[in-house]
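Me: I would be grateful for a close look at a single part of this model, set in the context of the chain around it. Please take the part that is enclosed by the rest of the structure and describe its surroundings.

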Amino acid sequence: SKEITISRGLEGIYIAETTLCKIDGANGRLWYRGYPIEVLAENSNYEEVSYLLLFGKLPNRKELSAFRERLKAERDVPPVVFDIVEEMSGRAHPMDVLRTCISSLSIYDEDPEDKSQQANIRRAIKLIAKTASIVAYMGRYRQGKDYVPPDSSLDHSANFLYMLTGKKPDEMAAKLIDLMFILHAEHGSNASTFSTLVTGSTLADVYAAVTAGAATLKGPLHGGADEAALRMMYSIGDPDNTETYIEEALEGKRRIMGFGHRVYKAYDPRAKIVRKYLELYQERNPSEEVSRLLQIALRAEKLMLEKLSKTKGIWPNIDFFAGPLYRAIDVPAELFTPIFAASRMVGWCAHLFEYWQNNRLFRPLDNYVGEVDKKYVPIDQRE
Ligand code: CMC
């Protein structure tokens, strides 16, 4: 009989060809559609990156402005979403609320029967625009504050921050939130994107597929790590406790959230960018909370690099410095993963549309190791 090898967690298995994203895990490099992430982080913006991912090329001025207008036209939060947020908040994890809201958007589809690429792009635009507004409203509601309607003079992520805080962000805060949206927009066949593809491969619709993506993003091994990493920094509390805390956690075989990656066996290039901007922001707008978090993060990073980078290839990932950066611009911890979802929406959609160009149902195998032909014992004769 043929020998069966099981690839736990599908490690090392290729599922498709793509032109969306290249990750060079050994050297810690990342490209979206061939453009280095560092270049996009420095010069681009979320709308342009979304266009690039969806359409395969950078837009010219006219294309970008038309795309921006289409996103702006979809920024409102639809009625049923208000009900879901109000009913579920306080009783459910924010990612449960968000997942339910995303799923509910299917009822607003103009023509569910239309399976054309054009209709799917229209759905992607709706999902990208509305998910950000929904996350902002979730944040408002949790703070007991009123809905802030979108402001069409602001770009996508600046408008998100405005709808969350009620204040128009200054240039630096707008840059930071946009940076986080860009860095989270896409990342190959990660768990939530894969799950989007699995659902999409049955020819279920876009809403079903990205709802599966959002469900998958919740866990602390994936999207939930940024919040978990920040909570760890709060538990450490005083920078002088950092080393003891980390040593004890590692001795107790606990994972340090924000470190390690299935593909990167080098410093995650996104983490480097986040760290750089966080340090820059802290220099310009010093805050006591962020300064303490940054000291803890840098000391934890140093120790982890000494202990685990050479031996196990464990380096900081994007989620490690994300928390302190979000805190610098006043984003509450429970919204980190929902923001990740709002940013990744474009990556989920772009992968799905690419996969549908050459769709095949995902149907892997599992190796049965139980018994067969067991005797069925009637219930009253069982022990
Ligand atoms: N802290 C301590 N040890 C770790 C960590 C960590 N963060 N990550 C991996 N290890 C150890 C692990 O214990 C194992 O050790 P041993 O071989 O002695 O048993 C070894 O490294 C390999 O771990 P693995 O679980 O087989 O690796 P994986 O490829 O399945 O895990 C990971 C990848 C991201 C799930 C894991 O590194 C992890 O749990 N990290 C913490 C959560 C996190 O930060 N996730 C965000 C990832 S980046 C953004 C995203 O995708 O959402």
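**Helix 15 and its surroundings**

Reply: In this predicted model, buried residues make up 44% of the 383 residues in the protein chain. The chain has 16 helices and three strands, and its C-alpha atoms fill a box of roughly 70 × 55 × 45 Å along the principal axes. A compact globule of 383 residues would have a radius of gyration near 21 Å, and the value for this chain, 22 Å, agrees with that. Of the contacts with a separation of 6 or more, 76% are between residues 24 or more positions apart.

The part chosen here is helix 15, which spans residues 318-328. Eleven of its eleven residues are buried, so this helix is largely enclosed by the rest of the structure. The cut-off behind that statement is 20 or more other C-beta atoms within 10 Å of the residue's own. The buried residues of helix 15 include Ile318, Phe320, Phe321, Leu325 and Tyr326. Asp319 and Arg327 of this helix are buried as well. The cover over the buried residues of helix 15 includes helix 8, helix 11 (225-236), helix 13 (269-284), helix 14 (288-312) and helix 16. Helix 15 is followed by Asp330, which has a positive phi near 70°.

The wider setting is given by the domains. The protein chain is divided into domain 1 (61-220 + 335-356) and domain 2 (225-328), and their C-alpha centres lie 27 Å apart. Nine residues from domain 1 and 17 residues from domain 2 take part in the contact. On the side of domain 1 that touches domain 2, the elements giving two or more residues are helix 8 (171-184) and helix 16. Helix 8 supplies the largest share of that side, five residues. By class, that side of domain 1 has eight nonpolar residues, one polar residue and no charged residues. Helix 8 and helix 16 are also among the elements that cover the buried residues of helix 15.

The nonpolar interior completes this picture. The largest nonpolar core has 110 residues, and Leu325 is one of those with the most contacts inside it, together with Leu98, Leu176, Ile177, Val210, Val274 and Cys349. Helix 16 (residues 336-356) contributes the largest share of this core, twelve residues. Both domain 1 and domain 2 give residues to the core, so it lies between them. In soluble globular proteins, nonpolar side chains tend to be buried together. Leu98, also in the core, touches Ile134, Val135, Met138, Ala214, Pro338 and Ala341, leaving aside residues up to four places away in sequence.

The ligand has a shell of 19 residues, of which the closest are Ala225, Phe259, Gly260, Arg262 and Asn317. This shell divides into seven nonpolar, eight polar and four charged residues.

Two loop residues contrast with the buried helix. Leu203, in the loop between helix 9 (191-200) and helix 10 (206-217), is exposed, with 12 other C-beta atoms within 10 Å. Its phi is positive, near 70°, although Leu203 is not a glycine. Lys253 lies in the loop between helix 12 (242-251) and helix 13, and has a positive phi of about 60°. With 6 C-beta neighbours inside 10 Å, Lys253 counts as exposed.

Terms used. Residues numbered from 1 in each chain as written. Predicted model: local features only at pLDDT ≥ 70, side-chain atom pairs only at ≥ 80, totals over all residues. Helix = DSSP H or I, 4+ residues; strand = E, 2+ residues; numbered from the N terminus. Rg over C-alpha atoms; globule rule 2.2 N^0.38 Å. Contact = placed C-beta atoms within 7 Å. Core = buried A, V, L, I, M, F, W, Y, C linked by C-beta atoms within 7 Å. Domains from an automatic or database assignment. Near = placed C-beta within 6 Å. Nonpolar A, V, L, I, M, F, W, Y, C, P; charged D, E, K, R; others polar.
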